[in-house]
Amino acid sequence: MLKLSIKIGCYLFLILLILEILIRVFHLAKDTPQRFIDKSKVEKWVPNQKGISVTGIRKQNAAHYRINNSGFNSYQEYNSTKEQFELALVGDSFIEGFHQDYDDSIGKKIENEFPNIKVYEYGYAGYDFADQLHLIHAYKKDFDLIDQIIIYIDFNSDLLRYKYTVIQDRITLQSPLNNMLKKCKLLVYTKSIGLLDPPKKLIAKLINSLNKKQPKTSKKSIEHTDKTAIYINNFKKLVQLYGFDKQRYSLLLNTNTTPKPFLDYLTNNHFKIIDFHQSFKKATAPTYLIYDQHWNNYGRSLIAKQISKTILR
């Protein structure tokens with residue numbers, strides 16, 4: 001019995017080792033850069049990292065990223081000046097662009113069409129409107145030198161709060177234990193394809209049952225909450241807190257997924273909007289990745305053209 005157990009253990013170890021080697025050779029697991037919070041309480045990536053971001057079970061999408069000295073994914077360094085015309089793109093993972101090679105980003109596409117300008121991309125996965133305005137405020141000296149600032153906003157996910165605080169859940173991902181576990185590419189791969197979801201849910205249920213925790217708010221009360229009014233109010237509070245330069249700032253959004261009351265508020269209060277709904281509606285090919293709801297290369301090209309047409313005409 002002891003010999004059988006040893007043999008099973010050895011075979012299992014060899015199988016796992018072979019799988020680890022195969023995943024590394026074919027680069028099936030994504031490289032996740034390290035993140036941190038700087039002295040201005042801005043969450044971003046640790047500078048000077050490179051890697052490949054993989055999406056999908058069978059490596060359907062693989063893109064190279066490069067984290068610059070400022071802590072954002074870009075092919076260039078950021079150096080705002082009074083002389084150069086500069087454009088800043090601020091947003092979440094859609095602007096961050098880990099689904100596209102860093103040297104073929106939205107900013108690079110704009111620069112290809114207008115070689116005399118510089119486009120700085122301040123994108124970070126998970127950023128909401130509070131993160132974005134806090135970022136601009138924290139780096140005020142740099143942003144004051146930038147001619148035009150475009151803020152990507154999704155009404156349904158970016159206005160859930162009215163003030164900025166550091167989201168500790170993301171920072172805990174940088175714990176020594178998590179960093180050690182991420183070195184095992186087999187574990188990273190199995191997590192990315194969802195194999196670890198069932199045991200994680202089971203453990204969470206067991207913990208909740210032991211703690212006997214009950215949700216404080218029922219589903220009915222959540223459903224009957226006027227989210228549109230709350231989100232608009234959150235937008236107003238953030239703008240009041242940080243300010244909003246209506247001459248230099250523009251909001252990049254999809255009017256098809258944005259409630260009319262919010263669009264009316266923006267129009268009535270003279271906020272500049274860059275709407276990409278019509279561009280996507282008239283598209284001659286899919287604009288999103290099939291296995292991930294981020295813009296594909298064609299969609300990102302349309303975004304770049306819409307920005308160029310609106311801001312740089």
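1. A quick definition to start: a helix axis here is a line fitted to C-alpha atoms over the stretch in contact, and angles run from 0 to 180 degrees between N-to-C directions. With that in hand, and bearing in mind that this is a predicted model, have a look at helix H3 (residues 106-113) and helix H15 (residues 297-311). Their axes come within 9 Å and cross at roughly 55 degrees. The two helices are therefore oblique to each other, and H3 passes H15 in a right-handed crossing.

2. Which residues make the contact between H3 and H15? On the H3 side they are Ile 106, Lys 109, Ile 110 and Glu 113. H15 brings Asn 297, Arg 300, Ser 301, Ile 303, Ala 304, Ile 307 and Ser 308. Sorted by class, this contact has five nonpolar, three polar and three charged residues.

3. Staying with H3, its buried residues are Ile 106, Gly 107, Lys 109, Ile 110 and Glu 111. You will find H15 again among the elements that cover them, which also include strand S5 (85-91), helix H2 (93-96) and strand S6 (117-123).

4. Just ahead in your viewer, please check Pro 286, found in the loop between helix H14 (277-281) and H15. Is Pro 286 buried or exposed? Its relative accessible area is 57%, so Pro 286 counts as exposed, the cut-off being over 50%.

5. Pro 286 does have partners: leaving aside residues up to four places away in sequence, Pro 286 touches Asn 296 and Tyr 298. As for Lys 272, 14 residues from Pro 286 along the chain, the C-alpha atoms of the two are separated by 27 Å.

Key
Residues numbered from 1 in each chain as written. Predicted model: local features only at pLDDT ≥ 70, side-chain atom pairs only at ≥ 80, totals over all residues. Heavy atoms only, no water. Helix = DSSP H or I, 4+ residues; strand = E, 2+ residues; numbered from the N terminus. Parallel < 35°, antiparallel > 145°, perpendicular 65-115°, else oblique. Left-handed = near helix turned anticlockwise from the far one by under 90°. Contact = heavy atoms within 4.5 Å. Nonpolar A, V, L, I, M, F, W, Y, C, P; charged D, E, K, R; others polar. Buried < 20%, exposed > 50% of the residue type's maximum accessible area, 1.4 Å probe, protein only.
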